[in-house]
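Me: Please take a close look at the aromatic residues in this chain, and then set them in the context of the rest of the fold.

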Amino acid sequence: MSEPRFIPLDTHVEYSTRDMVRRAAAFRKRAARRRTVREYSDRPVPRAVIEECIRAAGTAPSGANHQPWHFVVVSDPEVKARIRVAAEEEERAFYRGGAPREWLDALAALGTDENKPFLETAPYLIAIFAERYMLREDGGKLKNYYVQESVGIATGILITGLHHAGLATLTHTPSPMNFLNEILGRPANERPFLLLVTGYPAEDARVPAITKKPLEEIATFR
Ligand code: IYR
């Protein structure tokens with residue numbers, strides 16, 4: 001057991017009430033411009049942007065501060081091609097009978113299918129892994145806590161950072177995606193969480209005509 005050590009909170013910034021509301025609204029407007037994009041340009045993206053956004057994701061809160069995430073950044077065309085082949089194989093099974101009718105009906109408005117060309121077109125695929133437990137030096141296991149929540153929050157920050165930097169993203173979840181461990185050489189204590197596709201949208205990119213629920217529907221104040 002280690003003793004807690006404290007330092008002064010010297011990073012907090014406070015704003016006037018007016019500025020707070022303005023900033024919140026400005027952020028909301030910016031966030032609302034994010035769309036999940038499935039059509040990508042092959043234009044290269046500076047690696048520094050990806051690095052900064054992953055650093056930002058790494059600031060996420062996590063259970064016991066164990067930071068149970070790992071990000072594998074894939075730009076190698078051969079690796080992207082292998083991922084596409086494996087993902088499309090799973091997706092074919094999903095769309096051609098594996099998925100319940102109700103699930104396929106729910107996806108109808110998105111126009112998705114088993115073809116995933118973006119896995120090769122987009123300059124970067126970020127495979128996000130959730131560390132189910134940590135491995136001690138002696139080979140023993142050390143438990144992680146709230147892994148799904150922690151990795152979900154980190155992923156949200158990553159998506160927001162990439163959007164803020166001017167890139168589009170797609171949260172892609174071929175299921176199952178254990179093939180990512182094999183292709184990317186990740187250990188058994190890491191579970192693939194999702195595959196984040198990022199890059200510039202294709203010039204003629206289109207998105208589904210769908211909307212977000214209004215505040216009244218998603219929040220209750222009491
Ligand atoms: N993984 C499939 C199916 C899919 C599932 C959900 I839930 C979505 O919101 C979108 C797609 C695919 O990527 O096509």
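Reply: The aromatic rings come first, then the charges over rings, the helix packing, the backbone and the chain as a whole.

This is a predicted model, in which local features need pLDDT of at least 70 and side-chain atom pairs count only at pLDDT 80 or more, while totals for chains, interfaces and linings use all residues. Residues are numbered from 1 along each chain as its sequence is written, and side-chain values use heavy atoms, with hydrogens and water left out.

A pair of aromatic rings is described by the distance of the centres and the angle of the planes. Rings of Phe, Tyr and Trp (its six-membered ring) pair if their centres lie within 6.5 Å; planes under 30 degrees apart count as stacked, over 60 as edge-to-face and the rest as tilted. Two aromatic pairs are present in the structure. In one of them, the ring centres of F94 and Y95 are 5.0 Å apart with planes at 80 degrees, so this pair is edge-to-face. F94 also pairs with W103, again edge-to-face, with 4.7 Å between centres and 85 degrees between planes. Ring pairs thus link F94, Y95 and W103 into a cluster.

Burial is judged by relative accessible area (buried under 20%, exposed over 50%, partly exposed in between, with a 1.4 Å probe and protein chains only). F94 counts as buried because its relative accessibility is 12%, and Y95 is buried too. W103 has 44% relative accessibility and therefore counts as partly exposed.

Two other rings have a charge over them, which requires NZ of Lys or CZ of Arg within 6 Å of the ring centre and within 35 degrees of the ring normal. The charged end of R43 sits over the ring of Y200, at 3.8 Å from the ring centre. K141 lies over the face of Y133, 4.6 Å from the centre of that ring.

Next, the helix packing. Helices (H or I, at least four residues) and strands (E, at least two) are DSSP runs, numbered from the N terminus. Helix α2 (residues 47-57) packs against helix α6 (residues 147-165) at an angle of about 145 degrees, and their axes are 8 Å apart. Axes here are lines fitted to C-alpha atoms over the stretch in contact, and angles run from 0 to 180 degrees between N-to-C directions. Contact means heavy atoms within 4.5 Å. On the α2 side the contact involves V49, I50, C53, I54, A56 and A57, which meet A154, I157, L158, G161, L162 and A165 of α6. These residues divide into 11 nonpolar, one polar and no charged (Ala, Val, Leu, Ile, Met, Phe, Trp, Tyr, Cys and Pro count as nonpolar, Asp, Glu, Lys and Arg as charged, and the others, Gly among them, as polar).

Most residues other than glycine have a negative phi, and most peptide bonds are trans. In the loop between α2 and β1 (69-74) is A64, a non-glycine residue with a positive phi of about 55 degrees. A64 counts as exposed because its relative accessibility is 54%. N65 is found in the loop between α2 and β1 as well, and its phi is positive, near 55 degrees. A cis peptide bond joins S175 and P176, with omega about -5 degrees. P176 is found in the loop between β5 (168-172) and α7 (179-184).

Around these details, the chain has eight helices and six strands. Of its 222 residues, 36% count as buried.
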